[in-house]
Amino acid sequence: MSHHLFLLSPSDTPVYSLAHQSTKPAPSTAYPLASNLPSWSTSAFAGTLNALSGATSPAYNQTAGGNGVGVARGGQDRHVIQMIANASLDVIEDVMRREGAMYLKAVDKFNEWTVSAFVTPGNMKFILLHEGKNDDGIRAFFMDVWELYVKTLLNPFHSAYTPIRSTVFDTRVRASAKRHL
């Protein structure tokens, strides 16, 4: 199961992103849009729908280290993930205005991808795209990332709302993702 984390500044500029492959088994959703396509749809349009629906693509056919976890080799899947995250920003802002909570749970859904969000008091948006339901783990993960982000902001050599390039931050976010997701 894969998870994609995006940290966005108040002006929706990307500050940090992470793609994480969980060792937990992924739910079986084979070709959600492709199953609804007519039999004549073997055109390039059908291939586009399969790619957007999260259907298996050649980029995920290679396994890493023999553990059965798929690794994306191409860049097109990354662009689809970014498109889903950007498309959910309006929904996140609507939910943020309606509810006063920082953890917004599942705010949007695109095929098998669920979008969960966390908004800090400084209006930083943490967006997580995930396939399964794990509200407690996601909430704990967001709290860990927020704590790590605050520690990064306290660093006098880091400017607020600039890309985070710290290897320590990246390592700790990955460890938290492995622990909670």
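Contact here means heavy atoms within 4.5 Å, and in this sense the helices of the predicted model can be placed against its sheet. Helix α3, residues 89-98, lies across four strands: β1, β5, β6 (113-119) and β7 (125-130). The direction of α3 is at about 145 degrees to that of β5.

The sheet itself is open and has five strands, in the order β2-β1-β7-β6-β5, with antiparallel pairing. Its edges are formed by β2 (14-21) and β5 (103-110), each of which pairs on one side only. On average, neighbouring strands of the sheet are turned by 20 degrees against each other, direction ignored.

At the β2 edge, β1 (residues 2-8) pairs with β2 in the antiparallel sense over seven bridges. Within this part of the sheet, L7 stands opposite Y16 in β2. Helix α5, residues 167-180, lies across β1 and β2 and runs at about 45 degrees to β2.

Helix α5 also packs with α4 (residues 135-153). Two packed helices are described by the angle between their axes and the distance between the axes. For α4 and α5 the angle is about 165 degrees and the axes are 9 Å apart. Angles over 145 degrees count as roughly antiparallel, so α4 is roughly antiparallel to α5. The crossing of α4 past α5 is right-handed.

On the α4 side, the contact is made by G137, A140, F141, D144, V145, L148, Y149 and T152. Helix α5 contributes F169, R172, V173, S176, A177, R179 and H180. By class, this contact of α4 with α5 has eight nonpolar, four polar and three charged residues.

Terms used: Residues are numbered from 1 along each chain as its sequence is written. This is a predicted model: local features need pLDDT of at least 70, side-chain atom pairs count only at pLDDT 80 or more; totals for chains, interfaces and linings use all residues. Side-chain values use heavy atoms; hydrogens and water are left out. Two strands pair if DSSP finds at least two bridges between them. Helices (H or I, at least four residues) and strands (E, at least two) are DSSP runs, numbered from the N terminus. Axes are lines fitted to C-alpha atoms, for helices over the stretch in contact, and angles run from 0 to 180 degrees between N-to-C directions. Angles under 35 degrees count as roughly parallel, over 145 as roughly antiparallel, 65 to 115 as roughly perpendicular and the rest as oblique. A crossing is left-handed if the near helix is turned anticlockwise from the far one by less than a right angle, and right-handed if clockwise. Ala, Val, Leu, Ile, Met, Phe, Trp, Tyr, Cys and Pro count as nonpolar, Asp, Glu, Lys and Arg as charged, and the others, Gly among them, as polar.
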